[in-house]
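Student: Could we go through this model together, one question at a time?
Tutor: Yes, let us begin with the structure itself.

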Amino acid sequence: YSRAGLRELAEQLPHLLATPEGFRDLPEMFDRVGVCLVYFEALPSAKMDGCAFFLGDVPVIGLSGRGRRLDKVLFTLMHEVAHLTLDHVAPGDLLLESLDESDSGNSNERAANKLAADWVLPDGLPSVPQRLSRAWIAEQAERLSVHPIVLVGRLQKDGRLPWRTPLAKDAPSIDAELQAWLA
């Protein structure tokens, strides 16, 4: 396991995952840095987005794909990577999470969320106009080399866009890509 290699990969992931198809090769990319990346189907009413643990001395990240949207699964992945690189998980620990819940005052959760957000948008959000448009979102996403839904999701999380915004319509799902990991 290479913590430095995992950090380097994390810095590249938002750009590598600018399309749903980018998710297909993730298990191999993670394997190259000594991390096992797996998909598990979420139980119908379970609220588990991801997990991080060690199987012996091998770090494992599991993604449920809950939420399906590219930005949500990307952030879950980044969040779990952050836990590993920040040493929040040690052999014998199991970290199961739903990102729907608040940080609950947990400093490890706040730190993982911050590092994940910094990896996704290292310079933070660009200056946001008073009136948001698809054109502005597309232009900024291209400039930042991320999928437009990543910006929409961040704006929603920050309360700058409502959760039911038309800008999130037809957001890409990565179900097929995660299912391909099972093959």
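Student: Which residue just after α6 takes a positive phi?
Tutor: Helices (H or I, at least four residues) and strands (E, at least two) are DSSP runs, numbered from the N terminus. Just after α6 a positive phi of about 80° is found, and the residue that takes it is G159.

Student: How far can the model be trusted, and what is the mean pLDDT of the chain?
Tutor: This is a predicted model, in which local features need pLDDT of at least 70 and side-chain atom pairs count only at pLDDT 80 or more, while totals for chains, interfaces and linings use all residues. Residues are numbered from 1 along each chain as its sequence is written, and side-chain values use heavy atoms, with hydrogens and water left out. The pLDDT is the predictor's confidence in each residue, from 0 to 100. In this chain 93% of the residues reach 70 or more, and the mean pLDDT is 90.

Student: How many of the 10 residues of α6 are buried?
Tutor: Buried means under 20% relative accessible area, exposed over 50%, and partly exposed in between, with a 1.4 Å probe and protein chains only. The buried residues of α6, among them I149, V150 and L151, pack against α3, α4 and α5, where contact means heavy atoms within 4.5 Å. Helix α6 (residues 148-157) is mostly covered, and its buried residues number seven.

Student: In which sense do β2 and β3 pair?
Tutor: Two strands pair if DSSP finds at least two bridges between them. Strand β2 (residues 50-55) is joined to β3 over six bridges, with F54 standing opposite P59 in β3. The two strands form a hairpin with two residues between them, and G56 in the turn has a positive phi of about 70°. The sense of the pairing is antiparallel.

Student: Which residues of β1 point to one face and are buried?
Tutor: In a regular strand the side chains alternate between the two faces of the sheet. Strand β1 (residues 36-39), which runs parallel to β3, shows this alternation, since C36 and V38 point to the other face and are not buried. The residues that point to one face and are buried are L37 and Y39.

Student: Why are α1 and α3 described as roughly parallel or antiparallel?
Tutor: Axes are lines fitted to C-alpha atoms, for helices over the stretch in contact, and angles run from 0 to 180 degrees between N-to-C directions. Helix α1 (residues 3-16) and helix α3 (residues 70-85) pack with their axes 10 Å apart, at an angle of about 160°. Angles under 35 degrees count as roughly parallel, over 145 as roughly antiparallel, 65 to 115 as roughly perpendicular and the rest as oblique. The angle therefore makes α1, relative to α3, roughly antiparallel.
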